[in-house]
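The following exercises are to be worked with the model at hand. Each task is followed by a solution in steps.

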Amino acid sequence: MSSSGNDTASGRINRRQALAFAAVGGIAMPFVLRDAVAQGKAVNVGVVMPLSGANAQFGINSRNGVELVADEINAAGGIKALGGARINLVIADSTSTPTTAANVAQRLLTQNDVVAILGAFASSLTIAISEVTERRGVPLLTMSFSDQITGRGFENIFQVVAKASVLGKAQFDGTMALAATAGQKLERIAIMYEDTAYGTSQAAGLREGAKAAGVQIVMDDAYPLGITDVTPLINKLRASGAQAVFPVSYLNDSLQIIRAMRQQKIGIPAIGGAAGYVIPDFEKGLGEFAEGVLSIAPANYDLAPELTERFRKRYGYFMVHEALEHAVCMDVLAQAIETAKSTAPEALRKVLHGTRFEAGWTKTMTGGAVQFDKTGLNTLSVPVMVQWRSKELVTVWPSDVAKAKAVWAS
Amino acid sequence: MSRLSPMRLILIAVLLAAAIALPFAFDPRGYAIRILCLALLFGAMAQAWNIVAGLANQVSLGHAAFFGIGAYTSTLLLIHFGISPWLGMIAGAVLGGLAALLISLPTMRLRGHYFALATLAFGEVMRVIANSWGGLTGGPVGISVPFAPSSLAMLQFKETRPYYWLMLAALIAVTAIFVAIRKSRLGYRLRAIKENVDAAEVIGIDTTRTKIIAAVLSGGLTACLGTLYAQFQYFFDPDTVFGVGSISVRVAMIAIVGGIGTAIGPILGAFFVIPLEEFANQIFSAQAAGLSQLVFGVLLVVVILVEPRGFVAMGQRLARRFRREDRS
């Protein structure tokens, strides 16, 4: 802060005085910042993301996606229906605690007059925010997967991706389809997942899919987030005789699991559950071991490269799915404001519920468009199966959007 | 000091009136009042913690266990049986007190770091149980408090103002209990234990029993506050209510920053730490990712370096200095 440079001003300043300066500065700064933002005509959009803590990397990716679209809209002349009003992003760190997420959402609503909020990657954060936005009747657009998000009858929440249970089931069904195409009938599978909200709900979807298809689950193990030794898991996997394995985890665990598998020469197909399996660091951490690993994903950048390559050009890595979906959230909101010709929450909600969005970034989604049902769920989004091929993610399923045929190592 | 002077009484009355009237100065559903609510709630939690840590010198790092028990008990009773959170709060307090009794029996003979570590483990155990017993708690996905129309009976309000008064009442109640205990026979026993456990034992105090009584009171009160939190936030997951960083350590930190063992310390601490974190977030989170948390952490470190015994000690030191200057 500003205190460190003050020593020269009056000879010596002791610690306590320096602290007082810091405190005064801290109290005064928000008001200074608020005035700066208030000038000029702009549409304030809240962006609440986990920019610190366990999910920071995903939060930063998401913020980049939103920023890209907002800057593009502003460069193209802003919101035309509002006389070229610029989009002003108000970015806030939700950290990884739901309490903070709800606090910052409340702050954006009351102090920054945001017309809507985008965020916040992790389902627990999004749900905490939705309790605030719902009570104030302001739209919240999200790409969090959890079934709870649109399962509570809220009117002001909009989920652009398929739900976690659908994702889990697609992870299973897609795998069965790919195996069948390659001439293999899967009979025994293994599931391992971290014991978080994301891991457990996706594992539930997998289990359901397997049960419906009459496939035997020979291993079904939860492990704690931040596991340091996966050897027991891998040994169990080897002994189980599974024909394919479904690991659901964030980055660090995913690296350990795949590395240990490949080092032990377990060559069965691994089908990840998005998150850690579909970001550039996965390939960076594993190198050649990443080649051929499959994963489910709510969306993939190769479906609309003409749009997503702009992201790569600006940030230097491919447009990961959370960045892409948040970009879609931003664009859908901008289109809704154009249609409504207003930023009033009721008008926005009506347009969001009753419109099929087909322009701009919505083309990157599987349905090629976005349409919300009355619970706020995008009914057109279908999960895709992607595969690592020479440092890129290639969509391999479902066949109507696939860019290449999957390599199936049975 | 044992009786309040008229001047002090008047001062306290004026402060109370101001605190009750304060929400009228803010947007009733706004941000400032929400932060005030959290500061009041965390102040009450730190005060409850203060009963066992400040009076008996048993620094607990597992108070999230009782907090989470309170939150889950009332919310589960509400979801499954439609029982009012007020009754749920009582049930939670009983369970929280029982949990405190259970954990105290083996650990209260431990001292210093060993006690802190044992309680830390207890909080973590509760978190793991809540995460893995999905059938009861909903697991890591967390649970939402069912939506209900605004009413005092169901402890749910559309506006934030009523929560403010509830949290204020909670803080006053816990503080009053703290002061009452401190002045009671139990308080003197606790103080004796704090000064020297062996000496207390020699003069005939059943030290373990005394400490357990304090722990049960503290745990039960913390559980009540867990219910308030659940009704205020409407959603929580195991990592939030049983969290080491989000609850256990934060509560201890608030009391330590303010002044451990004093009645005013946890209140000062809460009204410093909670707004500070929000300000840091507000100013810095649009800049480099993670900067706000870093700034918050650095400021806390600075405060503890300047006065490890908290604001109360800082105030006393300043007061002494002024008095000395008057005389000279």
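The expected span of a helix is 1.5 Å times one less than its number of residues; helices (H or I, at least four residues) and strands (E, at least two) are DSSP runs, numbered from the N terminus. The model is predicted: local features need pLDDT of at least 70, side-chain atom pairs count only at pLDDT 80 or more, and totals for chains, interfaces and linings use all residues. Residues are numbered from 1 along each chain as its sequence is written, while chains are lettered from A and ligands numbered from 1 in the order in which they are written.

**Exercise 1. Examine helix α9 of chain A: compare its span with expectation, then describe its surroundings.**

Step 1. Helix α9 of chain A covers residues 251-263, so its 13 residues should span 18 Å; the end C-alpha atoms are 18 Å apart, which agrees.

Step 2. A residue is buried if 20 or more other C-beta atoms lie within 10 Å of its own, exposed if 12 or fewer, and partly exposed in between, with C-beta atoms placed from the backbone. The buried residues of α9(A) include Asp253(A), Leu255(A), Ile258(A) and Met261(A).

Step 3. The buried residues of α9(A) pack against two helices of chain A, α8 (231-240) and α10 (280-286), and against the strands β6 (188-194), β8 (244-248) and β9 (271-273).

Step 4. After α9(A) comes Lys265(A), with a positive phi near 60°.

**Exercise 2. Characterise the contact between chain A and chain B.**

Step 1. Two residues are in contact if their C-beta atoms, placed from the backbone, lie within 7 Å. Chain A contributes 39 residues and chain B 35 residues.

Step 2. Elements of chain A that each supply at least two residues to this side include α1 (15-38), β2 (86-93) and α7 (197-213). The most comes from α3(A), with 9 residues.

Step 3. Ala, Val, Leu, Ile, Met, Phe, Trp, Tyr, Cys and Pro count as nonpolar, Asp, Glu, Lys and Arg as charged, and the others, Gly among them, as polar. The side of chain A that touches chain B thus has 15 nonpolar, 15 polar and 9 charged residues.

**Exercise 3. Assess the overall fold of chain A.**

Step 1. Chain A has 13 helices and 14 strands.

Step 2. The radius of gyration is taken over C-alpha atoms, and the globule rule is 2.2 Å times the number of residues to the power 0.38. For 410 residues a compact globule would have a value near 22 Å; chain A has 23 Å, which agrees.

Step 3. Buried residues make up 53% of the 410 residues in chain A.
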